[in-house]
Amino acid sequence: MIAFLERFLPENDTGANPEDEDTTNISLCSSLELQGSVDFTSTAPAGKDFGGIYHTKPLAVIKPVSPEDIARVIKAASLSSNLTVAARGNGHSIKGQAMADKGLVIDMRSMDNLIHVANSGGGSSACVDVGGGVLWEDVLSHCVLGFGLTPRSWTDYLGLTVGGTLSNAGVSGQAFRYGPQTSNVTELEVVTGKGETLVCSETQNPELFFGVLGGLGQFGIITRARILLQKAPDMVRWIRVVYTEFEEFARDAEFLVSQEREGESFDYVEGYAFVNNDDPFNGWPTVPLQMDQRFDPSCIPPTAGPVLYCLELALHHHQEQDQSISLDKVVDQMLRQLRYCRNLRFEVNIGYMEFLLRVKQVEQAAKASGIWDTPHPWLTLFVSNRDILDFDRLVFKNILRHGVGGPMLVYPLRRSKWDSRTSVVLPEGREEEIFYLIGLLRFNHRGRGDGVEEEVAQNEEIVRSCREKGLDFKQYLPHYTIQDEWKRHFGKQWPRFVERKARFDPLALLSPGHSIFSRISPQG
Ligand code: FAD
């Protein structure tokens, strides 16, 4: 194993002339006999992502139509001394994770849009087979409109691909009950870094199955996933309540996520920090759910600090219930035990699909104003429960007291809902049951990305300060540029990660945008 690791460590120097290598690689790709296509000219979009910070120039973009096409590409790349291959979902990474500089980017969106519901009447065995490049919003509409069924665990925004989120984790307000999306998939079809197409599950090729889930695309390309379904509700009561004290917000949020039984508590629990002023992007106006609702600042106690907290909840229900007053009673009963500012409660009844697609409206508005296309130096962390009060004092109340121009997510998750056999990395300190997701979703309202360097520097300051204070945290959607940082990131999981790499992608062809491993020439 150590010998193998040493092969990964130094930058690979084959001694070959780079121009000769490019020519060889172009002819290698040109001779590929694919059902799909190879594009050497319109490659610019594959060299950018949502983050807008990293830019690369791929050699070619591959538009496969089948797993066989992907297997052919990987086998061909393995003959070259330096070609790398990256699967690109919808390109919503922040720091070039789906890029391959001078390599091949596989556009997963061009694959067959498989969405096939199985056992639709079969209660807990209902599931859907979905292509790796399918968007979650398409899974939603197909399952709900066609079958009255729905996946159990989501992301906040659904313009993401199934393969892209399963390569990370896929987290939203349902994860406290069902775990992340990686906990809700029972089978995968994967093309490995050796070009083998394998079906895997908990019992069949389990090392590949668990490796690929949260595996940052390092071991194989997901071409199909089987996702668990349940009966879809038709309506959602969506609620926001405001807190002035982080301790009370956290106590209530942790209480709610401990209520895991469906029907007995809320179906969705998230939260965010916001600034205690009237700033339209960071402050009070971010809380009301509808145009006719108004945030009355006179309801905030004078003792409140510079930052307030919003607990965001949702309760599923059915149309007929909505007509009666019983839903109001149920909601009142559930909220009664919480300690929010009594006059700062906002709620609305909306359709289930509308609720899950709520960020699409934000996307449309942001595209119209131009801020969707400016750089987004987002930072997402998992912070141990032990250190969350320190994190609040250090980051929300201090470094970020003026906000980030977008949501500052903070909500608890439960470790027991995450499968430790996957490649996902969680805070490892005392392995407490509760840890928090922190999402600093920066939007640049100054336009054209002005000030992005300061935002990047602020993220670095946050990470550095948390480290200096000894806080127990990990990056979610991680990005590091040197292997020692990756070793620290994976901690005690690092040897297992390296072993999986050696087994499923021994030439380190796949997912070079993460800079975890260097490409190995087939000659060794
Ligand atoms: P890409 O960015 O294209 O790819 C991501 C990684 O996965 C790359 O390493 C790529 O090589 C690899 N990959 C892609 N497809 C495959 C495949 N088929 N097989 C193997 N590897 C593959 N995340 C959450 O968990 N919860 C959220 O609520 C959430 N909200 C978001 C909202 C927005 C607006 C954005 C931009 C991102 C959000 N994310 C969220 C992060 C999101 O999960 C990641 O960006 C993820 O990378 C999915 O995006 P993508 O499908 O565009 O994948």
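Ala, Val, Leu, Ile, Met, Phe, Trp, Tyr, Cys and Pro count here as nonpolar, Asp, Glu, Lys and Arg as charged, and the others, Gly among them, as polar. The close-up views below are taken from a predicted model.

**View 1. The shell of residues around the ligand in the predicted model.** The residues of this shell divide into 14 nonpolar, 18 polar and two charged. Of the 34 residues around the ligand, those that come nearest are Ala87, Gly89, Ser93, Asp156 and Tyr476.

**View 2. Backbone atoms of glycine 91, histidine 92 and valine 171 beside the ligand.** A polar backbone atom of glycine 91 lies 3.0 Å from an oxygen atom of the ligand, and for histidine 92 the separation between a polar backbone atom and a ligand oxygen is 2.8 Å. At valine 171 the ligand atom concerned is a nitrogen, which is 2.7 Å from a backbone N or O atom of that residue. The ligand taken alone exposes 950 Å², of which the protein buries 95%. Two or more residues of the shell around the ligand are given by each of the elements β3 (85-88), α5 (162-166) and β10 (220-231).

**View 3. Glycine 91 in the loop between β3 and β4 (104-107).** Glycine 91 has a relative accessibility of 7% and therefore counts as buried, the cut-off for that class being under 20%. Between the C-alpha atoms of glycine 91 and proline 45 the distance in space is 8.9 Å, although the two residues are 46 residues apart in sequence.

**View 4. Helix α8 (residues 246-258) and its buried face.** The helix has 13 residues and reaches 18 Å from its first C-alpha to its last, close to the 18 Å expected at 1.5 Å a residue. Its buried residues are Phe246, Phe249, Ala250, Asp252, Ala253, Leu256 and Val257. Seen down the axis of α8, these buried residues fall within an arc of 165°, so they line one face of the helix.

**View 5. Helix α12 (residues 358-369), with buried and exposed residues on its two sides.** This helix has twelve residues, and from its first C-alpha to its last it reaches 18 Å, close to the 16 Å expected at 1.5 Å a residue. Arg358, Glu363 and Ala366 are buried in α12. Because they cover an arc of only 140° around the axis, they are on the same side of α12. On the other side of α12, Gln361, Gln364 and Ala368 are exposed.

**View 6. Histidine 317 in strand β13 (residues 307-317).** With a relative accessibility of 1%, histidine 317 counts as buried, and its side chain makes a polar contact of 3.5 Å with the side chain of asparagine 349.

**View 7. Serine 183 in the loop between α6 (175-178) and β8 (185-192).** The relative accessible area of serine 183 is 24%, and the residue is therefore partly exposed. Serine 183 and aspartate 387 are 204 residues apart along the chain, and their C-alpha atoms are separated by 25 Å.

**View 8. Proline 18 in helix α2 (residues 18-30).** Proline 18 counts as exposed at a relative accessibility of 55%, the cut-off for that class being over 50%. From C-alpha to C-alpha, proline 18 and asparagine 82 are 9.5 Å apart in space, while in sequence they are 64 residues apart.

Key:
Residues are numbered from 1 along each chain as its sequence is written. This is a predicted model: local features need pLDDT of at least 70, side-chain atom pairs count only at pLDDT 80 or more; totals for chains, interfaces and linings use all residues. Side-chain values use heavy atoms; hydrogens and water are left out. A residue is near a molecule or strand if one of its heavy atoms lies within 4 Å of it. A polar contact is a pair of N or O atoms within 3.5 Å; within protein, one must be able to donate a hydrogen and the other to accept it, and residues adjacent in sequence count only if both atoms are side-chain atoms. Accessible areas come from the Shrake-Rupley method with a 1.4 Å probe; for residues, only the protein chains shown count as cover. Helices (H or I, at least four residues) and strands (E, at least two) are DSSP runs, numbered from the N terminus. The expected span of a helix is 1.5 Å times one less than its number of residues. Buried means under 20% relative accessible area, exposed over 50%, partly exposed in between (1.4 Å probe, protein chains only). The arc is that of the directions from the helix axis to the C-beta atoms.
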